Amino acid sequence: MSDMGSENKIDDVGWYNHDSQDQPLSASPSMQIHNQQQQHSKFLTLPTVLTLGRVAAVPLLVATFYADSWWGRTATTSIFIVAAITDWLDGYLARKMKLGTAFGAFLDPVADKLMVAAALILLCSRPLEVAMSGEVPWLFTVPTTAIIGREITMSAVREWAASRNSKLLEAVAVNNLGKWKTATQMISLTILLAARDSSLEGPGILVPSGVILLYISAGLSVWSLAVYVSKIWKVLLK
């Protein structure tokens, strides 16, 4: 989610300055109200509302996960699937309808990281049994540590790169490896959350499949971090 959906970019950077230049020196109260409403509408665009919805869904994900009933397990999986869809949808709408904002660009990766981190921690708190190995305490802890650790590190690296120069910022731009990492994350977590539902057929296949994909995602996370660090190192050596 964090690398695929971070497309909420500003296509019309100078809208604020343009509005302020065209505004008369002594604007009437009605004109001021109109301008405030216009700025508010540009702040809360549809993609941003969808992103805020993902943030608000995190507590619901936690609450339904610990609800010991069939509807709780179904609701948890459904919330995560909807969040994954809106992660793609908000970026698509921001590009297609030119509704990107600075706030949306900031919030989108935050929402993704919160949702993924919450799902990983929840799965660690109640590990699933894998048919091939039974209940292994560290089975979810290892990939969870790798994935969350990578996200924290990359957030710090991107913030540092943004404060330095454009070449460093380009070095940490989202690449295809990050997108594959996100795709495997979303699929694995969806499978693992769905596998908690005993009414589903073939849980013995679902859990091992989800675990394998989760470890692939963790491997891609570490790999992509190494690629970013390598690019940064090359820029610094120039």
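**Exercise 1. Take the left-handed crossing of α4 and α5 and work out how the two helices are oriented and which residues join them.**

Solution. Note before starting that the model is predicted.

Step 1: Begin with the geometry. The axes of α4 and helix α5 (residues 102–125) come within 11 Å, crossing at roughly 160°.

Step 2: Apply the cut-off. Angles over 145 degrees count as roughly antiparallel, so α4 is roughly antiparallel to α5.

Step 3: List the partners. From α4 come Phe80, Ala83, Asp87 and Asp90, and from α5 come Asp108, Asp112, Met115 and Ala119.

Step 4: Sort them by class. The contact of α4 with α5 holds four nonpolar and four charged residues, and no polar ones.

**Exercise 2. Now do the job for α4 and α8: at what angle do they pack, and how far apart are their axes?**

Solution. Let's keep to the same routine.

Step 1: Helix α4 spans residues 70–96 and helix α8 spans residues 176–194; they pack at about 165°, with 9 Å between their axes.

Step 2: With the same cut-off of 145 degrees, α4 and α8 are therefore roughly antiparallel to each other. The crossing in which α4 passes α8 is left-handed.

Step 3: On the α4 side the contact uses Thr76, Thr77, Phe80, Ile81 and Ala84, while α8 offers Met186, Leu189, Thr190, Leu193 and Ala194. Seven of the contact residues are nonpolar, three are polar and none is charged.

Step 4: Look for a shared residue. Phe80 of α4 appears in the contact with α8 and also in the contact with α5.

**Exercise 3. Describe how α5 packs against α6, and classify the residues of their contact.**

Solution. Once more, geometry comes before chemistry.

Step 1: α5 and helix α6 (residues 141–164) have axes 10 Å apart and an angle of about 155°. That angle makes α5 roughly antiparallel to α6, and α5 passes α6 in a left-handed crossing.

Step 2: α5 contributes Lys113, Val116, Ala117, Leu120, Ile121 and Cys124; α6 contributes Thr141, Thr144, Ile147, Ile148, Glu151 and Ser155.

Step 3: The classes are seven nonpolar, three polar and two charged residues.

**Exercise 4. Is the ring pair of tryptophan 88 and tyrosine 92 stacked or edge-to-face?**

Solution. Three aromatic pairs occur in the structure.

Step 1: For this one, the ring centres are 5.2 Å apart and the planes meet at 15°, so the pair is stacked.

Step 2: Place the pair in the fold. Both tryptophan 88 and tyrosine 92 belong to helix α4, with their positions four residues apart, about one turn of the helix.

**Exercise 5. Which helix has the lowest confidence, and which has the highest?**

Solution. A friendly check before you use any coordinates.

Step 1: The protein has a mean pLDDT of 80, and 76% of its residues reach 70 or more.

Step 2: Helix α1 (residues 15–22) is lowest, with a mean of 40, and helix α3 (residues 46–65) is highest, at 94.

Step 3: Residues 4–26 stay under 50 in pLDDT, and the model gives them 38 contacts beyond four places in sequence. Residues 32–40 also stay under 50, with five such contacts.

Step 4: Where pLDDT is low, predicted coordinates should not be read in detail.

Technical notes: Residues are numbered from 1 along each chain as its sequence is written. This is a predicted model: local features need pLDDT of at least 70, side-chain atom pairs count only at pLDDT 80 or more; totals for chains, interfaces and linings use all residues. Side-chain values use heavy atoms; hydrogens and water are left out. Axes are lines fitted to C-alpha atoms, for helices over the stretch in contact, and angles run from 0 to 180 degrees between N-to-C directions. Angles under 35 degrees count as roughly parallel, over 145 as roughly antiparallel, 65 to 115 as roughly perpendicular and the rest as oblique. A crossing is left-handed if the near helix is turned anticlockwise from the far one by less than a right angle, and right-handed if clockwise. Contact means heavy atoms within 4.5 Å. Ala, Val, Leu, Ile, Met, Phe, Trp, Tyr, Cys and Pro count as nonpolar, Asp, Glu, Lys and Arg as charged, and the others, Gly among them, as polar. pLDDT is the predictor's confidence in each residue, from 0 to 100. Rings of Phe, Tyr and Trp (its six-membered ring) pair if their centres lie within 6.5 Å; planes under 30 degrees apart count as stacked, over 60 as edge-to-face and the rest as tilted.
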